[in-house]
Amino acid sequence: MARPRVRLVVTADDFGYCPRRDEGIVEAFLAGAVTSVSLLVNGSAAGSAAELARRHRIPTGLHANLSEGRPVGPARHGASSLTGSEGFFLGKMGFRRAVAAGEVILSQVREELEAQLSRFRELLGRDPTHVDGHQHVHVLPGVCRVFAEALQACGVRYTRLPLERGVDGCAWLEAPARDFAGALEQDASAAIGPFVHHGLRWTDVFVGLSTCGRHMSAHRVLEALTRALEGMPAGQAVTAELMVHPGYPSVPPVGGCGEGPDAFSCSSDRLHELRVLTAPALQAQLARDGVQLCTVGDLDCKRPGVGSTSKATRDTFLEPSPP
């Protein structure tokens with residue numbers, strides 16, 4: 001069956017989390033399986049990761065972090081709505097609950113984002129190729145506007161819109177993962193308006209929620225891309241992003257963002273992703289399907305129009321870009 005012409009960015013998140021994770025990410029990049037990385041500047045290995053990025057000329061963006069570890073900005077030195085009593089961020093779900101309750105002061109979010117952008121420039125000597133959000137914090141209500149304003153102010157154009165088609169039908173995912181994807185879909189749809197207003201760009205389609213960790217296989221990656229491309233005309237030029245988390249598992253106490261590595265990083269899931277991504281099967285099938293791997297810098301993404309409802313917005317988002 002004829003397919004759209006796809007340019008695919010494969011982004012490895014959590015660069016800088018720990019040396020073992022970084023070793024696997026670099027291995028995947030050198031194998032041609034990963035084309036871009038997102039750096040945690042508050043990660044325990046951020047400095048050595050930046051050196052690896054320079055040495056291997058890895059296209060690197062910022063993985064903006066508001067949920068794990070210690071802040072980089074003013075919140076690091078005193079009481080803040082972003083942190084708990086011990087000075088750490090509130091956690092993946094804790095931060096979301098605080099945002100929903102209106103307890104997060106958005107000016108403090110802006111200060112932290114600006115501090116992380118500044119730290120990125122100190123480490124890499126340049127602006128990030130893109131900025132996305134650790135645990136997708138960048139699309140949360142209110143946060144998305146401040147995030148878009150900060151990126152526009154520093155001249156960064158590219159971000160991630162984590163809208164993946166059909167995750168609710170992926171029976172292999174546990175119920176909490178499907179529930180999280182459903183909430184994320186609502187947040188990401190609502191973030192399109194602020195992102196468009198401030199000139200941000202992203203790929204036409206996104207996949208990675210349904211293929212994370214032990215759930216990744218060559219078949220499921222290809223299946224996720226097929227779902228995302230459904231209804232697009234054959235021969236149409238389409239841009240896509242695959243979010244991945246490869247690496248060698250962290251070994252405590254090394255790693256993390258100030259609190260040590262979490263279970264996600266220590267699990268064998270990281271190595272499983274690395275093996276799937278670098279195996280010949282996936283890369284060969286992508287090539288047969290005419291999928292061209294590329295970097296963020298190779299893209300000419302469009303900015304979708306703003307729909308008045310979530311469905312309209314998603315439909316607009318899923319329209320193919322002009323060739």
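This passage describes the open and enclosed spaces of a predicted model, along with two aspects of its helix packing.

The open space comes first. The largest pocket has a volume of about 720 Å³. Its lining is made up of 31 residues, and those closest to the pocket centre are Lys92, Phe180, Cys212, His245 and Phe264. Several elements contribute to this wall: strand S1 (5–15), H6 and H9 each supply at least two of the lining residues. H6 gives the most, with 4 residues. In character the lining is mixed, as 11 of its residues are nonpolar, 9 are polar and 11 are charged.

Enclosed space is also found, in the form of 2 cavities of 30 Å³ or more. The largest cavity holds about 100 Å³. Around it lie Val9, Thr11, His130, Tyr158, Thr159, Arg160, Trp202, Thr203, Glu241, Val296 and Leu299. By class, this lining comprises 5 nonpolar, 4 polar and 2 charged residues.

The second largest cavity contains about 40 Å³ of space. Val10, Ala33, Leu242, Leu277, Leu282, Gln283, Leu286 and Leu293 form its lining. Helix H10 (residues 280–288) provides the largest share of this lining, namely 3 residues. Here 7 of the lining residues are nonpolar and 1 is polar, while no charged residue takes part.

Turning to the helices, H1 (residues 19–30) packs with H9 (residues 269–278) at an angle of about 10°, and the two axes are 10 Å apart. Angles under 35 degrees count as roughly parallel, and H1 and H9 are therefore roughly parallel to each other. On the H1 side the contact is made by Arg21, Gly24, Glu27 and Ala28, and on the H9 side by Arg270, Leu274, Arg275 and Thr278. The residues of this contact include 4 that are charged, together with 2 nonpolar and 2 polar ones. H9 is thus shared between two settings, since helix H9 packs with H1 and also supplies at least two residues to the lining of the largest pocket.

Helix H3 (residues 92–100) offers a view of buried positions. Gly94, Phe95, Arg96, Ala98 and Val99 are its buried residues. Among the elements that cover them are helix H5 (143–154) and helix H6 (175–197). H6 therefore appears twice in this account, as part of the cover over the buried residues of H3 and as the element that gives the most to the lining of the largest pocket. After H3 comes Gly102, which has a positive phi, near 75°.

Notes:
Residues numbered from 1 in each chain as written. Predicted model: local features only at pLDDT ≥ 70, side-chain atom pairs only at ≥ 80, totals over all residues. Heavy atoms only, no water. Axes fitted to C-alpha atoms, helices over the stretch in contact; angles between N-to-C directions. Parallel < 35°, antiparallel > 145°, perpendicular 65-115°, else oblique. Contact = heavy atoms within 4.5 Å. Nonpolar A, V, L, I, M, F, W, Y, C, P; charged D, E, K, R; others polar. 1 Å grid on protein atoms, 1.4 Å probe; cavity = no way out; pocket = protein on both sides within 12 Å on 5 of 7 lines; lining within 4 Å. Points joined across faces, edges and corners; volume = space filled by probe spheres on them. Buried < 20%, exposed > 50% of the residue type's maximum accessible area, 1.4 Å probe, protein only.
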